[in-house]
Amino acid sequence: MTPTNLALGTLCVIDNKPKKLNDFQKRALEVLGKQISNQFELRRNINRMADSLAGKTSLAMAIK
């Protein structure tokens, strides 16, 4: 989920036979999902910062 609550995708776990997840396994998947969301958010912020820096560098070159 994004900060504006848009779903970006699905975390999927596959096995060759049906099983029921216990509470620990369910919680582990929730934690993993949050970690993935945090990684997406970090990458988005890094890209924004890089774009901002590139824009400032271009402006500084144009001023010289």
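This is a short tutorial dialogue about reading a predicted model of one protein chain.

Me: Let's begin with the overall fold. How many helices and strands does the chain have?
Reply: The secondary structure comes to one helix and zero strands. That helix is α1, and it covers residues 23-63. Keep in mind that you are looking at a predicted model.

Me: What share of the residues counts as buried?
Reply: Burial is read from relative accessible area, and a residue is called buried when that value is under 20%. Of the 64 residues in this chain, 2% count as buried. Thr2 is a case you can look up: its relative accessible area is 19%, so Thr2 is buried. You will find Thr2 in the segment before α1.

Me: And what about the surface as a whole? How much of it belongs to carbon and sulfur atoms?
Reply: The chain has an accessible surface of about 6200 Å², and 61% of that belongs to carbon and sulfur atoms.

Me: Which residues make a nonpolar patch on that surface?
Reply: Leu8, Leu11, Leu32, Ile36 and Phe40 do, and together their patch comes to about 440 Å². Try finding Phe40 in the structure; this residue sits in helix α1. A residue between the limits for buried and exposed is called partly exposed. Phe40 has a relative accessible area of 47%, so this residue is partly exposed.

Me: Now for charges. What is the idea behind a salt bridge?
Reply: Side chains of opposite charge can pair when their charged atoms come close. To count one here, look for a side-chain nitrogen of Lys or Arg within 4 Å of a carboxyl oxygen of Asp or Glu. By this rule the chain has three salt bridges.

Me: Where should I look for the partner of Asp15?
Reply: Go to Lys19: its side chain meets that of Asp15 in a salt bridge, with an N to O distance of 2.9 Å. Asp15 is partly exposed because its relative accessibility is 42%. Lys19 has 61%, so Lys19 is exposed.

Me: Which residue pairs with Arg27, and at what distance?
Reply: Arg27 pairs with Glu30, at 3.2 Å from N to O. The two are three residues apart in helix α1, which means that about one helical turn separates them. Arg27 is partly exposed at 45% relative accessibility, and Glu30 is partly exposed at 45%.

Me: What is the distance in the salt bridge between Arg44 and Glu41?
Reply: The closest N and O atoms of Arg44 and Glu41 are 2.7 Å apart. Here too you can count along helix α1: Arg44 and Glu41 are three residues apart, so they are separated by about one helical turn. Arg44 has 33% relative accessibility and is partly exposed. Glu41 is partly exposed as well, with a relative accessible area of 24%.

Me: How do I compare distance in sequence with distance in space?
Reply: Count the residues between two positions, then look at the C-alpha to C-alpha distance. Thr2 and Glu41 are 39 residues apart in sequence, while their C-alpha atoms are 7.6 Å apart in space. You can try another pair with Thr2: Phe40 is 38 residues from Thr2 in sequence and 8.6 Å from Thr2 in space, C-alpha to C-alpha.

Me: What can I read from the backbone at Asn5?
Reply: Look at the phi angle. For Asn5 phi is near 65°, a positive value in a residue other than glycine. Asn5 lies in the segment before α1. At 58% relative accessibility, Asn5 counts as exposed.

Me: Let's finish with pockets. How much space lies in the largest pocket?
Reply: About 210 Å³ of space lies there. The pocket is lined by 11 residues, and the closest to its centre are Gly9, Thr10, Leu11, Ile36 and Ser37. By class, the lining of the largest pocket has six nonpolar residues, four polar and one charged.

Me: What is the volume of the second largest pocket, and which residues line it?
Reply: The second largest pocket has a volume of about 170 Å³. Its lining includes Val13, Ile14, Pro18 and Leu29. Asp15 and Lys19 are also among the lining residues, and you have met these two as salt-bridge partners. Sorted by class, the lining of this second largest pocket has five nonpolar, one polar and four charged residues.

Key. Residues are numbered from 1 along each chain as its sequence is written. This is a predicted model: local features need pLDDT of at least 70, side-chain atom pairs count only at pLDDT 80 or more; totals for chains, interfaces and linings use all residues. Side-chain values use heavy atoms; hydrogens and water are left out. Patches are made of residues with over 30% relative accessible area and no salt bridge: like charges are joined within 9 Å, nonpolar side chains (Val, Leu, Ile, Met, Phe, Trp, Tyr) within 5 Å. Accessible areas come from the Shrake-Rupley method with a 1.4 Å probe; for residues, only the protein chains shown count as cover. Helices (H or I, at least four residues) and strands (E, at least two) are DSSP runs, numbered from the N terminus. Buried means under 20% relative accessible area, exposed over 50%, partly exposed in between (1.4 Å probe, protein chains only). On a 1 Å grid over the protein atoms alone, a cavity is a set of points where a 1.4 Å probe fits but cannot get out, and a pocket is an open set with protein on both sides within 12 Å along at least five of seven lines; lining residues have an atom within 4 Å of a point. Grid points are joined across faces, edges and corners, and a volume is the space filled by probe spheres set on the points. Ala, Val, Leu, Ile, Met, Phe, Trp, Tyr, Cys and Pro count as nonpolar, Asp, Glu, Lys and Arg as charged, and the others, Gly among them, as polar.
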